[in-house]
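Trainee: Could you take me through one part of this model in detail? I'd like a close look at a pocket and what lines it.

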Amino acid sequence: MSFVLFFKLIFDTYKKCIMLVSVLIPAYNEEQTIRQVLDNVQALPLEKQIIVVNDGSTDGTYAILEEIRDNINVTIVHCKENRGKGHAIRSGIPHVEGKVVVIQDADMELCPKDIIQLVELLEEEQTDVVYGSRFLEGRGNASLHNFIANRILALYTNLLYGCRITDESTGYKAFSTDLIKMLNLTCEGFEFCPEVTAKILRADYKIHEVPVSYFPRTKKEGKKLRFWSDGFFAAWTLLKYRFVSKSKIFNNETDLV
């Protein structure tokens, strides 16, 4: 065997041993932060695939992504119209090539360095879901009403599903790719969080949590979540899927267990 073939074999074996992480970034009108987010994700010491779904942005997000495409290895999906975060995530999932997928928002409310903690826990045997909790170690930088409302939603989720989580609506959610591709997700907007949480728990998977940093932005700075109205809709979504048949949790082609 030649030295070239030998080193190629070693390199190919090494690549198979390193877990590929797909970071999926839904983005809508994030021209102020998308470049910073991508720079931070690109710098992570992980074998990674970066997927950005531009959810019909009307600002400079499209142009920035097209410029970035020439400088870093990134998969970019442009949606013709804005349909919501859930639809953007669902549009990105078919492009996932990694063993695990991490959802990363296109703002800087959460620190991309914390992705490493989520991935490390996912690498443990029989761990398929990890949430990055903003409140696992207390209130942090959250406002009092934000903290209280999120704690109420988490307690509500725990009561409905008999689990113990502290942050249901966190933007950092990480899954084994096999699991997220099996789920029959129908969400369009911010109900992605309660829908995926409900279906995972309904399918008897355990959600693990790790603490993450949180730097909330204001509405003026671009925050899109309508806290109370979206919170009530999340509560309804969690309740609705609590009683749905398990046959509707997975895609039709998935064998139920």
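Mentor: Let's go through the second largest pocket, with a little on the chain around it. Keep in mind that this is a predicted model, where local features need pLDDT of at least 70, side-chain atom pairs count only at pLDDT 80 or more, and totals for chains, interfaces and linings use all residues. Residues are numbered from 1 along each chain as its sequence is written, and side-chain values use heavy atoms, with hydrogens and water left out.

The chain has nine helices and seven strands, taken as DSSP runs numbered from the N terminus (helices H or I, at least four residues; strands E, at least two). Of its 257 residues, 51% are buried, meaning under 20% relative accessible area with a 1.4 Å probe, protein chains only.

Now the pocket: its volume is about 260 Å³, counted as the space filled by probe spheres set on grid points joined across faces, edges and corners. A pocket here is an open set of points on a 1 Å grid over the protein atoms alone, where a 1.4 Å probe fits, with protein on both sides within 12 Å along at least five of seven lines; lining residues have an atom within 4 Å of a point. There are 17 of those, and Lys-99, Leu-122, Thr-127, Asp-128 and Ser-176 are the closest to the centre. Helix H7 (residues 177-182) gives the most to the lining, with four residues.

By type, the lining splits into six nonpolar, five polar and six charged residues.

Key: Buried < 20%, exposed > 50% of the residue type's maximum accessible area, 1.4 Å probe, protein only. Nonpolar A, V, L, I, M, F, W, Y, C, P; charged D, E, K, R; others polar.
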